[in-house]
Amino acid sequence: MDVTKVQLDEKDIPRQWYNLAADLPHAPLPPLGPDGQPVKPEMLAPVFPMNIIEQEMSTQRWIDIPDEVLKMLYLWRPSPLYRARRLEEYLGTPARIYFKHEGVSPAGSHKPNTAIPQAWYNKQFGIKRLTTETGAGQWGSALAFACALIGLECKVYMVRISFEQKPFRRLMMETWGAKCTPSPSTETAAGRQILKEQPDTPGSLGIAISEAIEAAVSDATGSTRYSLGSVLNHVLLHQTIIGLEAKKQLAKIGEKKVDVVIGCVGGGSNFAGISFPFIADKINGAKIDIIPVEPESCPTLTRGPFSYDHGDVAKMTPLMAMHSLGHRFVPPPIHAGGLRYHGMAPLVSHAVEEGLCTPRAVHQLRCYESAVLFARTEGFIPAPETSHAIACAIDEAKKAKEEGKEKVILFNWSGHGLMDLVGYDKYFQGKLSDYSLPDADLAAGLDAIKHHPKAKIR
Ligand SMILES: Cc1ncc(COP(=O)(O)O)c(C=O)c1O
C-alpha cells in the first residue's frame, strides 16, 4: 500500500461495462412518452441509433466493450489511481485517500469514456453527424475529439455563460473540427423562443439540450443523431470502466475494503462511473458510504423531489423518473458549469431512493478552498466540478481523524481545471460568493412539474 500511483497494464483493462439496472433491488421506472405510456424503442429512433437504444434499455448485467472501442480508449486508459499522500499528511488523517485520475484523457475529463463508444456506435449505424450540448465545455470537447477520431461531423450548442467564460474550450472543439454555437441561439425554434422570453439568459443545459435534439431530428436526410454526455443509462454504463479499473487497482496494492466512495454530480455520469461497481457490492451486503456531491446552488438530489420530468426545457425528451428542480429551472451562473443541470440520472436518482447512496451539497467557496488545497498538496489543478468531490473527501478524512479510524476513501478526480482558471482568478480576487437556492425559486421551478406523474419505486 506504500505507493503513490497504481497503473494497470493495457491487457488488464476491463472488457465489459457493468449495468446497475440488472441488480437494483426494485426495477427502474421506465421513461414515459407523451401518451403517458412507457417509451418504445422505435420512439427514440429519430434521436439515437438503435444499437445505443438497445443499450439504454438493457438490463443485462455485463455488456462487452467492442475491441475497436478499447483500442481508442487505450490512448489514455487504464487511467492511474493515485494515493493523495501529501493531502493526507496535511490533514493529519489516518484515512488513506485515493483518487482516480480521469483528467489524463485528451479532452481532460471522464467524458471521452462515453464519447468514444457513442461516436463509434453511431458510425456503425451509418450516421454521419452528431449534435450535442455542453455546459462547461468538457463534454463538447470530448465529443469533438471522439468524432475527429471516428470520422463524424460534430455540432455543439454551448451554454452561453460558459461560451463567454471559456473561449479555450471552444477552441479545443474547433481544433478537433467541431462547430460550436452559444446557446440559446437563433438557429433553432427552441432557442428563438427562449431568447424572446429571456433575452439576457445565461443559458442552461436544459435549453442547450432542446436545441441539440431539435437540430438532430430536423435533419431531413436522416443522417444526424443526438448524443448526450450524461444522465442516460448507456452513458452511465460506459463510465463504469472507471470504478471497475479502480477495483482492480485497489486489489493490486492489497486494499481489501473501501469505506467511502465519492463523486461530484451534474447529470450523474462520473459519479455512476466510480460508484456503480461499488453499489453492486453494497447491494450484496458490503458496508460502504457512497456519496454523490452537488452544488448548494443547484441542489437536485438534496432538495429536488423524485418525480417524472423532462430532461430539457422544450420538453423534447420523454418524461424520466428522476430527482429534478423542474425542467424550466435555470441554475445561477456558478463556475462549475457542468453541475448546472435541473435533473439527475434516473439510475442515480433510483439508487438514492433505494438508500444505496446519500447525497450532499457543498457551497462554492468551500469547493474552491478545497481545490486550492489539493493543488498545493497534490499538484494537479482540478476542474471546479471535481472540487465538489474533493471538498467531501476532505470532510470524510477529517471525520476519520476525529473517529481515529483508518478508513479507505476513494473519489473520482473527474477532470483537470486548466481551462477553468478564470474561475480560480475570480476566487483569488474575492469575486465569488456562496449561493443557497431560495425556497421561493425552488418552489417556482417545481411548479412546472406539479402535474407530472409521481415517481415511486416502493
Ligand atoms: C470535469 C467534470 N466533472 C463532472 C461533471 C459533471 O457531469 P457528470 O455528473 O455527468 O459527471 C462535468 C460536466 O461537464 C465535468 O466537466
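**Entry 1: terms and model**

For these notes I call a residue buried if 20 or more other C-beta atoms lie within 10 Å of its own, exposed if 12 or fewer, and partly exposed in between. I keep in mind that I'm looking at a predicted model.

**Entry 2: the whole chain**

I started with the overall picture. I find 18 helices and 15 strands in the chain. The C-alpha atoms fill a box of roughly 60 × 50 × 50 Å along the principal axes. I then checked the radius of gyration: a compact globule of 458 residues would come out near 23 Å, and the chain has 20 Å, so the two agree.

How much of the chain is buried? Buried residues make up 57% of the 458. I also looked at the contacts with a separation of 6 or more, and 78% of them join residues 24 or more positions apart.

**Entry 3: helix α5**

Next I went to α5, which runs over 138–150. Its 13 residues should span 18 Å at 1.5 Å a residue, and the end C-alpha atoms are 18 Å apart, so the length agrees. Is this helix mostly covered or mostly open? It's mostly covered, with 11 of the 13 residues buried. I listed the buried ones: Q138, W139, G140, S141, A142, L143, A144, F145, A146, C147 and I150.

What do they pack against? I get three helices and strands to start with, namely α4 (112–124), β6 (129–134) and β7 (153–159). To these I add α7 (167–175) and β8 (179–183). Just past the end of α5, G151 has a positive phi of about 90 degrees.

**Entry 4: the nonpolar core**

I looked up which residues of the largest nonpolar core touch the most other members. Of its 129 residues, L143, C147 and A393 do. L143 and C147 are both on the buried list of α5. I followed L143 further, leaving out residues up to four places away in sequence: it touches A115, A119, L130, T132, C154, V156, S227 and G229.

**Entry 5: around the ligand**

I count 21 residues around the ligand, and Q138, S230, G266, G338 and G415 come nearest. Q138 also appears among the buried residues of α5. Which helices supply at least two residues of the shell each? I find α5, α12 and α16 (384–403). α12 gives the most, with three residues, which sent me there next.

**Entry 6: helix α12 and its kink**

α12 covers residues 269–283; its 15 residues should span 21 Å at 1.5 Å a residue, and I get 20 Å between the end C-alpha atoms, so this agrees. There's a kink all the same, of about 45 degrees, at S275, shortly before P277. α12 is mostly covered, with 12 of 15 residues buried. The buried set is S269, N270, F271, A272, G273, I274, S275, F276, P277, F278, I279 and A280. G285 follows the helix, with a positive phi near 110 degrees.

I stopped at S275, the kink residue. Why does S275 count as buried? Because 34 other C-beta atoms lie within 10 Å, and the cut-off is 20 or more. Setting aside its neighbours within four places in sequence, I see contacts with G243, V261, G263, I290 and C357. I also took one C-alpha to C-alpha distance: Q239 is 36 residues from S275 in sequence and 9.8 Å away in space.

**Entry 7: backbone oddities**

I went looking for cis peptide bonds. The bond from R77 to P78 is cis, with omega near -10 degrees. P78 sits in the loop between α2 (67–73) and β4 (81–83). The bond from S183 to P184 is cis too, with omega near 10 degrees. P184 is in the loop between β8 and α8 (189–197).

Then I checked for positive phi outside glycine. V231 has a phi of about 70 degrees. I place V231 in the loop between β9 (224–226) and α10 (233–239). With 26 other C-beta atoms within 10 Å, V231 is buried.

K315 also has a positive phi, near 60 degrees, and lies in the loop between β12 (306–310) and β13 (319–323). Which class does K315 fall into? I count 17 other C-beta atoms within 10 Å, so K315 is partly exposed.

Note on methods:
Residues numbered from 1 in each chain as written. Predicted model: local features only at pLDDT ≥ 70, side-chain atom pairs only at ≥ 80, totals over all residues. Helix = DSSP H or I, 4+ residues; strand = E, 2+ residues; numbered from the N terminus. Rg over C-alpha atoms; globule rule 2.2 N^0.38 Å. Contact = placed C-beta atoms within 7 Å. Expected span 1.5 Å × (residues − 1). Bend = angle between axes of the 7 residues up to and from the residue. Core = buried A, V, L, I, M, F, W, Y, C linked by C-beta atoms within 7 Å. Near = placed C-beta within 6 Å.
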